[in-house]
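Please read the sequence and the coordinates below side by side before turning to the explanation. The paragraphs after them are meant to be followed with the structure open.

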Amino acid sequence: MKRIIMSVFCFAFAMAFVGWVNQAAGEQEKVLANTFKGQNLEYNVSYPNDWVYTFQAPYIVVFSAKKVASGEATISIRNLNSTLVAGGRFKDVDSVIDGLLNQLKTTKDAVVYDPELYIYSEGQTKLTGKQVVVEYILQGEKYKQWVVVLPRVAGDVFHVWSFVSKAKSYDANLVIAKAMLNSFTIIQ
């Protein structure tokens, strides 16, 4: 009898877990209701229905929530030319990361977590990039930033994906940031 009760309990728990996973996946699909198709920028990315995007410069797109205070949470994607292109400054992923970290020297109490590899895999395209998380104080407010740098297959451009949030709301916004990064598709 105990064995039957235990089997029924385990089955019920497993079904509840599967239901929760399916519900979470369905909610994530609802969250990312729109797709930014940057043909000229050579990538696509999905974003929430209650977010908007703006062009900060010809090769910089910034996504942010419509109703959240400015600077609360943003995701930006920037294309940087490599040294293979006239005027390009960056020779590899490490030089892009170093450039970011050098900019942080001007901020107060910057904390840099060790950069780690980031593997992009979509269909036949597999790229090795790097990611880094940093914390800093800007205008009296603590911020946390997660940056992922990916080279294009040809090596001519680096895609720099960046999630910035006030530190106090970073974890709450991280779910959307991860979903957007997972939707990021490089167009070959």
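What follows goes from the overall make-up of the chain to its strand pairings and then to its salt bridges.

The model is predicted, and its chain has three helices and 11 strands. Read from the N terminus, the elements follow the order α-β-β-β-β-β-α-β-β-β-β-β-α-β. The chain has 188 residues, and buried residues make up 38% of them, while the accessible surface comes to about 11600 Å², with 55% of that area belonging to carbon and sulfur atoms. Among the contacts with a separation of 6 or more, 46% are accounted for by residues that are 24 or more positions apart.

Strands of a sheet pair through backbone hydrogen bonds, in either a parallel or an antiparallel sense. A convenient place to begin is strand β8, residues 125–138, which pairs with strand β6, residues 108–112, in the antiparallel sense over three bridges; here Val 112 stands opposite Val 134 of β8. Strand β7, residues 116–122, also runs antiparallel to β8 and is joined to it by seven bridges, with Leu 117 having Lys 130 as its bridge partner. The hairpin of β7 and β8 has two residues between the strands, and within this hairpin Gly 123 takes a positive phi near 60°.

From β8 the path continues to strand β9, residues 141–151, which runs antiparallel to β8 and is joined to it by nine bridges. One of the paired positions is Ile 137, whose bridge partner in β9 is Lys 142. These two strands likewise form a hairpin with two residues between them, and Gln 139 in the turn has a positive phi of about 50°.

Elsewhere in the chain, an open sheet of three strands has the order β1-β2-β11, with antiparallel pairing. Because β1 (34–38) and β11 (185–186) stand at the edges, each with a single partner strand, one side of each is left without a neighbour in the sheet. Five bridges connect β1 with strand β2, residues 43–47, in the antiparallel sense, and among the facing residues Lys 37 stands opposite Asn 44 in β2. Helix α3, residues 170–183, lies across β2 and β11 and runs at about 150° to β2.

Side chains of opposite charge can pair when their charged atoms come close. The structure holds five salt bridges, and one of these forms between Glu 42 and Arg 152, where the closest N and O atoms are 3.0 Å apart. This pair links distant parts of the chain, 110 residues apart, with Glu 42 in the loop between β1 and β2 and Arg 152 in the loop between β9 and β10 (157–166). How do the two partners stand with respect to burial? Glu 42 has 28% relative accessibility and so counts as partly exposed, whereas Arg 152, at 7%, counts as buried.

Another salt bridge forms between Glu 72 and Lys 166, whose closest N and O atoms are 4.0 Å apart. This pair also links distant parts of the chain, with Glu 72 in the loop between β4 (60–65) and β5 (73–81) and Lys 166 in strand β10, 94 residues apart. Both Glu 72 and Lys 166 are buried.

The side chains of Lys 144 and Glu 135 meet in a further salt bridge, at 3.9 Å from N to O. Glu 135 has 11% relative accessibility and therefore counts as buried. Glu 135, Lys 142 and Lys 144 are joined into one network by salt bridges that share partners.

Definitions and conventions:
Residues are numbered from 1 along each chain as its sequence is written. This is a predicted model: local features need pLDDT of at least 70, side-chain atom pairs count only at pLDDT 80 or more; totals for chains, interfaces and linings use all residues. Side-chain values use heavy atoms; hydrogens and water are left out. Helices (H or I, at least four residues) and strands (E, at least two) are DSSP runs, numbered from the N terminus. Buried means under 20% relative accessible area, exposed over 50%, partly exposed in between (1.4 Å probe, protein chains only). Contact means heavy atoms within 4.5 Å. Accessible areas come from the Shrake-Rupley method with a 1.4 Å probe; for residues, only the protein chains shown count as cover. Two strands pair if DSSP finds at least two bridges between them. Axes are lines fitted to C-alpha atoms, for helices over the stretch in contact, and angles run from 0 to 180 degrees between N-to-C directions.
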